[in-house]
Amino acid sequence: MRSIHLVIADLFLPHQFATEIASGLSLPALEKLLGRGRSEVAEAMSLEQRLCGMFGLPCTAEAPIAPVSATFDGLPDGCWLRADPVHLRLQQDQLVLWPDVALSADEAAQLCASLNEHFDGQGLAFFAPHPQRWYLRLDGLPGIETVPLSVAAGRNVRGLLPRGAEAKRWHQVFNEIQMLLFAHPVNAAREACGKLPVNSVWLWGAGCSADAKPCKAYDRVISDDVLVEMFAAAADVPHIHWPEQWHIDGGGNAQLLVWTGLRQALQRGDLAAWHDALQHFETGYAKPLWRALRSGKITRLVLEVLTQENIWRTTLTPADAWAFWRRCKPLAEYSAS
């Protein structure tokens, strides 16, 4: 039995512009994958939560991403919180988060050193093993619930700050970090060169290493997202960065494919890139997957589409691929609410 689990983020666009953006796309294989199977709708969850569930970790609101990624980045076991460098921009009455600020390793080290000096003696230690992935080591898990960076990206953060019993304290930490970074010489130099300053960090994904040991649930993982690669590494599963073309050869009997290219385009506000990426997906993935399913080389395919409102899931077997009487709708008819 060879099974494929395919997860796609942000395939369904909001209805107000789904038809316009999807026009001109030719997606016969993808639309058959969406339309021929047995479909269901599950409760919404972030990609981070879904990864925890797929790799045998508790699928809770506070997905313990930080210890998994800390291990990947070479940090020791402990209780960790991601504290990723971001840019917050005031737009009218909203404070909008811009992720993935391009920093050098030296800039990241200088900013973290200043944060550590400021919070010395408070049980908070900042680390920057990767310029875009910072961490906060804690004595124990904080009494807060956070929102993943991928969910907060491009949104007003005022309603997304930590909640819970210790929320007040962490809001104060958030404010102190902003004040320190606002006046930092590294940011002054970046602004002088026309670069975005790092004027805040985003706190998310708290967990302890002892409770974050992913299970080996797949034989091979293919993805364009480093977080998926981190889970694969922690579970000792071979990982391949998203190739142009999917091939059935190799990879064992259970493969996980996770694609976030559409989400990345939407976060940049680049709808043309979303359009082009999806057309490439049709050629490189949907068509070969559809052919492998019809020929019986895949015995089970589960396709999950993650949206902010729900998870849309369909399951297909080779018999479903030949169920020609099941109507295949245009992609625009699957628009998110």
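Two residues are in contact here when heavy atoms of theirs lie within 4.5 Å. With that in mind, and remembering throughout that this is a predicted model, the tour can begin.

**Stop one: His-184**

Select His-184, which you will find in the loop between α7 (167-182) and α8 (185-192). With a relative accessible area of 8%, His-184 counts as buried, because buried means under 20%. Now show what surrounds this residue: once neighbours within four places in sequence are left aside, His-184 is in contact with Gln-110, Leu-111 and Ser-114. With Ser-114 there is also a polar contact of 2.7 Å, made between the two side chains, while the backbone nitrogen of Val-186 is reached by the side chain of His-184 at 3.0 Å.

**Stop two: the aromatic cluster**

Next, select Trp-242, Trp-259, Phe-281 and Tyr-285 together, since these are the residues that ring pairs link into a cluster. The model holds 14 aromatic pairs, and two of them are worth a slower look here. In the pair formed by Trp-242 and Trp-259, the ring centres are 6.1 Å apart and the planes stand at 5 degrees, so this pair counts as stacked. Trp-242 belongs to the loop between β9 (239-241) and β10 (254-259), whereas Trp-259 belongs to strand β10 itself, so the pair ties together parts that are 17 residues apart in sequence. Trp-242 and Trp-259 are both buried.

Keep Trp-259 selected and add Phe-281, whose ring centre lies 4.6 Å from that of Trp-259, with the planes at 10 degrees, so this pair is stacked too. Because Trp-259 lies in strand β10 and Phe-281 in helix α11 (residues 271-294), this pair ties together parts that are 22 residues apart in sequence. Phe-281, like Trp-259, is buried.

**Stop three: helix α11**

Phe-281 has brought you to α11, so display the whole helix, residues 271-294. From first C-alpha to last, the 24 residues of α11 reach 32 Å, which is close to the 34 Å expected at 1.5 Å a residue. Where does α11 bend? Centre the view on Glu-282, where the helix bends by about 40 degrees. Then move to the N-terminal end, which is capped by Asp-270, a side-chain oxygen of which lies 3.4 Å from the backbone nitrogen of Ala-272. Beyond the other end, look for Gly-296, which follows α11 and has a positive phi, near 85 degrees.

**Stop four: two aspartates**

Most residues other than glycine have a negative phi. Select Asp-10, in the loop between β1 (3-9) and α1 (15-22), and you have a residue other than glycine whose phi is positive, near 65 degrees. Asp-236, in the loop between α9 (226-234) and β9, also has a positive phi, of about 60 degrees. Is each of these aspartates buried or exposed? Asp-10 is buried, with a relative accessible area of 15%, whereas Asp-236, at 59%, counts as exposed.

**Last stop: charges over rings**

Finally, select Arg-169 and Trp-170, and turn the view until you see the charged end of Arg-169 sitting over the ring of Trp-170, 5.0 Å from the ring centre. A second example is found at Lys-329, whose charged end sits over the ring of Tyr-334, 4.3 Å from the centre of that ring.

How values were computed
Residues are numbered from 1 along each chain as its sequence is written. This is a predicted model: local features need pLDDT of at least 70, side-chain atom pairs count only at pLDDT 80 or more; totals for chains, interfaces and linings use all residues. Side-chain values use heavy atoms; hydrogens and water are left out. Rings of Phe, Tyr and Trp (its six-membered ring) pair if their centres lie within 6.5 Å; planes under 30 degrees apart count as stacked, over 60 as edge-to-face and the rest as tilted. Helices (H or I, at least four residues) and strands (E, at least two) are DSSP runs, numbered from the N terminus. Buried means under 20% relative accessible area, exposed over 50%, partly exposed in between (1.4 Å probe, protein chains only). A charge sits over a ring if NZ of Lys or CZ of Arg is within 6 Å of the ring centre and within 35 degrees of the ring normal. The expected span of a helix is 1.5 Å times one less than its number of residues. The bend at a residue is the angle between axes fitted to the seven residues ending there and the seven starting there. A polar contact is a pair of N or O atoms within 3.5 Å; within protein, one must be able to donate a hydrogen and the other to accept it, and residues adjacent in sequence count only if both atoms are side-chain atoms.
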